[in-house]
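Me: I am new to this structure and would like a close look at a single part of it. Please take the cysteines and their surroundings, and then set that part within the whole chain.

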Amino acid sequence: GACGACHAPHGSPFAKLARGEQLKMCASCHPTVVKKSQEKKLHTPFKENNCQACHNPHATDSKNLLAANEKTACLTCHKNNSSQFEQKFLHTPVAKNECSGCHEPHGGGFDKLLKTKSEDLCYACHKEEQKKFAQGTVHAPVAEKQCLACHSPHGGPVKNGLTTPVP
């Protein structure tokens, strides 16, 4: 195979006979990912050049060489959020194990590594609702793009991700 692309068979100052620092080696094939290292907010393993915290560089059944499906890989470290993913009603990206539907996996410019400002993120998928809301009077949280005032981003006990039942 192409082991020599990443490993030096006769010796190396890096662990596992690597040819260099992990992020630099990954960058040789994945330059667009490395551009993320310039972002304001970085995912901790990425910032620490620890690609293998999430990825298996040799082989995996998951896309993007993730060590497991996205949700499982993310919950390896983000255990404190796990109860949000065991709710009766799950947000579609969560149900599909696609954390990257809303979050940047390497780095970005927004809190919680969201793909865009939280007040705009929901409408990236919920375009029909956005059109509907623009046609009339809506309650204050909708007018202020504060979806999370009533909805949980990952899932909840009530349909449509609502945090409490509607009377």
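Reply: What follows begins with the cysteines, moves to the residues around them, and ends with the chain as a whole.

The model is a predicted one. The number of disulfides in it is 0. C99 takes part in none, and the nearest cysteine sulfur to its own, 3.7 Å away, belongs to C74. A disulfide requires two cysteine sulfur atoms within 2.5 Å. C122 has its closest cysteine sulfur in C147, at 3.7 Å, so this pair is too far apart for a bond. As for burial, C99 has a relative accessibility of 18% and therefore counts as buried, since the limit for a buried residue is under 20%. C122, with a relative accessible area of 26%, is partly exposed.

C99 also has a contact with E70, a residue in helix α4, which covers residues 70–77. Setting aside neighbours within four places in sequence, E70 is in contact with K63, N97, E98, C99 and S100. The relative accessible area of E70 is 10%, so this glutamate is buried. A second glutamate, E104, sits in the loop between α5 and β3. The relative accessible area of E104 is 19%, which means that E104 is buried too. Residues up to four places away in sequence left out, E104 touches K36, L113, L114 and K115.

From C99 one can also look towards the end of the chain. P165 lies in the segment after β4, the strand at residues 155–156. In sequence P165 and C99 are 66 residues apart, and their C-alpha atoms are 25 Å apart in space. P165 is exposed because its relative accessible area is 60%, and the exposed class begins over 50%.

H91 gives another case of two residues separated along the chain. H91 is in the loop between β2 (89–90) and α5 (92–95). P153 is 62 residues away from H91 along the chain, yet the two C-alpha atoms are separated by 6.7 Å. Beyond its neighbours within four places in sequence, H91 is in contact with C102, H126, P153, H154 and G155. One of these is a cysteine, C102. With a relative accessible area of 27%, H91 is partly exposed.

Two residues stand out for their backbone angles. N49 is not a glycine but has a positive phi of about 55 degrees. N49 belongs to the loop between α3 and α4, and at 26% relative accessibility N49 is partly exposed. K112, also not a glycine, has a positive phi of about 60 degrees. The loop that holds K112 runs between β3 (107–108) and α6 (118–125). K112 has a relative accessibility of 70% and so counts as exposed.

Towards the start of the chain, helix α1 spans residues 22–29, and its buried residues are Q22, L23, M25 and A27. These buried residues pack against two helices, α2 (31–35) and α3 (44–47).

Now the whole chain. The protein has 8 helices and 4 strands. In sequence order they follow the pattern α-α-β-α-α-β-α-β-α-α-α-β. The radius of gyration is 20 Å, well over the 15 Å that the globule rule gives for 167 residues, so the protein is more spread out than a compact globule. Along the principal axes, the C-alpha atoms fill a box of roughly 70 × 30 × 25 Å.

Of the 167 residues, 24% are buried. Among contacts with a separation of 6 or more, 40% are between residues 24 or more positions apart. The accessible surface comes to about 11,600 Å², and carbon and sulfur atoms account for 56% of that surface. The side chains include 21 positive and 14 negative ones, and the centres of these two sets lie 2 Å apart.

To return to the part you asked about: the model has 0 disulfides. The C99 sulfur has its nearest cysteine sulfur, in C74, at 3.7 Å. C99 is buried at 18% relative accessibility, while C122 is partly exposed at 26%.

How values were computed:
Residues numbered from 1 in each chain as written. Predicted model: local features only at pLDDT ≥ 70, side-chain atom pairs only at ≥ 80, totals over all residues. Heavy atoms only, no water. Buried < 20%, exposed > 50% of the residue type's maximum accessible area, 1.4 Å probe, protein only. Contact = heavy atoms within 4.5 Å. Rg over C-alpha atoms; globule rule 2.2 N^0.38 Å. Areas by Shrake-Rupley, 256 points an atom, 1.4 Å probe, with all protein chains shown as cover. Lys, Arg positive; Asp, Glu negative; His and termini not counted. Charge placed at Lys NZ, Arg CZ, Asp CG, Glu CD.
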